[in-house]
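Work through these exercises with the sequence and the 3D view open. Try each task before reading its solution.

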Amino acid sequence: MTNTFQPLVFSGVQPTGNLHLGNYLGAIRKFVALQENNDCIYCVVDLHAITAQLVHDDLRGQIRSIAAAFIASGIDPKKHIVFNQSAVPQHAELAWIFNCVARIGWMNRMTQFKDKAGKDRENASLGLLAYPSLMAADILVYRATHVPVGDDQKQHLELARDIAQKFNIDFQEKIRATGKGVDMVVGEEPIHGYFPLVEPLIDGPAPRVMSLRDGTKKMSKSDPSDLSRINLMDDADEIARKIRKAKTDPEGLPSEAEGLKGRPEADNLVGIYAALADRSKADVLAEFGGQQFSVFKPALADLAVNVLSPISAEMRRLLGDTSHIDAILRDGGERARARAEKVMGDVFDIVGFLR
């Protein structure tokens with residue numbers, strides 16, 4: 001019997017479409033920083049990829065592309081674990097148990113389901129509705145304690161906490177009897193639980209990267225215009241061209257951040273520069289305030305090329321010989337499976353299944 005949960009960071013990226021600058025700044029760069037002081041598991045969540053779109057032209061290629069982006073950005077697959085979700089069947093196994101723990105009302109409240117299902121909710125897949133239950137299983141099959149999240153996943157993380165809490169309360173006597181739990185407090189009630197109540201990792205304000213063609217919309221893989229985003233696989237010329245063509249307004253850059261209000265395109269480009277340079281917007285405007293975009297855009301293009309070109313070059317190298325990526329994913333899958341099998345063995349004992 002242990003007294004605390006071992007700290008562990010888990011996160012995953014869906015293999016759908018090209019990864020872009022927003023994915024890098026909002027997620028992958030954080031993954032790289034977190035591995036310095038944490039035990040980390042990073043997953044390509046390919047089971048999630050079929051919830052909204054069942055048939056993909058090249059799902060294997062997309063899985064490899066995400067793994068290549070992880071490695072090219074600096075994630076160390078030897079010290080930590082990098083794998084694809086479908087290689088560890090315990091994710092789906094625990095998701096079924098969590099489907100029985102979660103309540104339909106909880107799922108119906110998920111705003112992302114409402115957004116993705118649209119008006120024709122009756123025609124949405126059951127997988128799309130149950131997506132957050134699988135996400136909870138992804139995290140808790142390793143008893144992960146922390147997850148880096150963006151705004152769009154906070155509600156799902158809260159649901160993972162609700163599922164863990166209900167499981168712990170419903171099974172607390174069985175958890176105690178098996179000797180596999182941890183003393184914890186839920187609200188003001190001390191219980192003996194098996195799953196941690198996972199905490200979000202929010203490291204300062206996440207850079208919100210918007211479309212280069214419309215500063216009011218998030219940069220997206222699904223935008224029909226390739227000029228709306230900088231893809232991680234874009235070469236230097238492509239990056240510079242897209243920044244040169246990025247939408248702006250006729251005014252020059254203000255000297256203070258307050259002056260960006262009501263100017264979404266200017267705010268976006270200054271925000272991208274600040275995020276790439278690890279500086280504040282105020283700091284960037286102190287340097288470029290009063291300048292025209294004809295001066296600022298080339299500086300932004302140089303910075304973006306400087307940061308992203310080594311990543312895109314390494315991604316291309318890795319994807320040129322997929323045997324290396326496949327070996328990393330296979331090794332990561334075996335190491336992840338060993339951890340997940342232990343947890344599922346405990347869960348079988350707690351629930352009462354024969355094994």
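**Exercise 1. Place Arg 143 in the chain, then classify its burial and its backbone.**

Solution. Start with the location: Arg 143 sits in the loop between H7 and strand E4 (146–148). Keep in mind that this is a predicted model.

Next, burial. The cut-off for buried is under 20% relative accessible area. Arg 143 has 18% relative accessibility, so this residue counts as buried.

Last, the backbone. Most residues other than glycine have a negative phi. Arg 143 has a phi near 50 degrees, a positive value in a residue other than glycine.

**Exercise 2. Do the same for Asp 278: where is it, and is it buried or exposed?**

Solution. Asp 278 lies in the loop between H11 and H12. Its phi is positive, about 55 degrees, although Asp 278 is not a glycine.

Now apply the cut-off. Exposed means over 50% relative accessible area. Asp 278 reaches 63% relative accessibility, so it counts as exposed.

**Exercise 3. Classify Ala 282 in helix H12.**

Solution. Helix H12 spans residues 281–288 and holds Ala 282. The relative accessible area of Ala 282 is 46%, so the class is partly exposed.

Then look across the chain. Glu 258 is 24 residues away from Ala 282 in sequence, and their C-alpha atoms are separated by 9.1 Å.

**Exercise 4. Which residues have the most contacts inside the largest nonpolar core, and which helix gives the largest share?**

Solution. First the core itself. It has 57 residues. Those with the most contacts inside it are Leu 21, Tyr 42, Phe 70, Leu 276, Phe 296, Leu 300 and Leu 308.

Then the share. Helix H13 (residues 293–320) supplies 10 residues of this core, the largest share. Another core lies apart from it, with 56 residues, among them Ala 117, Val 182, Ile 191 and Val 343.

Now zoom in on Leu 276. Leave aside its neighbours within four places in sequence. Leu 276 is then in contact with Leu 21, Leu 25, Arg 29, Leu 300, Leu 303, Ala 304 and Val 307.

**Exercise 5. Describe how H11, H3 and H14 each meet H13.**

Solution. Take H11 (residues 264–277) to begin. Its axis and that of H13 come within 10 Å and cross at roughly 35 degrees. The crossing is left-handed. On the H11 side, the contact residues include Leu 269, Tyr 273 and Leu 276. On the H13 side, they include Phe 296, Leu 300 and Val 307.

Go on to H3 (residues 59–73). The axes of H3 and H13 come within 9 Å and cross at roughly 130 degrees. That angle makes H3 oblique to H13. The crossing of H3 and H13 is right-handed. H3 residues including Arg 64, Ala 68 and Ala 72 meet H13 residues including Ile 311, Glu 314 and Met 315.

Finish with H14 (residues 322–351). H13 and H14 pack at about 90 degrees, with axes 5 Å apart. The two are therefore roughly perpendicular to each other. Leu 318, Leu 319 and Gly 320 of H13 make the contact with Thr 322, His 324 and Ile 325 of H14.

**Exercise 6. Is Asp 234 buried or exposed, and what does it touch?**

Solution. Locate it: Asp 234 is in the loop between strand E7 (199–201) and helix H10 (236–245). Its relative accessible area is 9%, so Asp 234 is buried.

Then list its contacts, not counting residues up to four places away in sequence. Asp 234 touches Arg 229, Ile 239, Lys 242, Ser 312 and Arg 316. Ser 312 lies 78 residues from Asp 234 along the chain, yet their C-alpha atoms are separated by 6.7 Å.

**Exercise 7. Match two UniProt annotations to the model.**

Solution. Take the "binding site" annotation first. In the unreviewed UniProt entry, it covers Asp 138. Asp 138 is in helix H7 (residues 126–140). At 2% relative accessibility, Asp 138 counts as buried. Not counting residues up to four places away in sequence, Asp 138 touches Phe 10, Val 45, His 48, Gln 85 and His 91.

Turn to the motif. The unreviewed UniProt entry places "short sequence motif: 'HIGH' region" at residues 15–23. The chain there is 33% helix and 0% strand. The end C-alpha atoms of residues 15–23 are 12 Å apart.

Note on methods: Residues numbered from 1 in each chain as written. Predicted model: local features only at pLDDT ≥ 70, side-chain atom pairs only at ≥ 80, totals over all residues. Heavy atoms only, no water. Core = buried A, V, L, I, M, F, W, Y, C linked by side-chain atoms within 4.5 Å. Buried < 20%, exposed > 50% of the residue type's maximum accessible area, 1.4 Å probe, protein only. Helix = DSSP H or I, 4+ residues; strand = E, 2+ residues; numbered from the N terminus. Contact = heavy atoms within 4.5 Å. UniProt positions renumbered as here; feature names shortened; annotations may be inferred. Axes fitted to C-alpha atoms, helices over the stretch in contact; angles between N-to-C directions. Parallel < 35°, antiparallel > 145°, perpendicular 65-115°, else oblique. Left-handed = near helix turned anticlockwise from the far one by under 90°.
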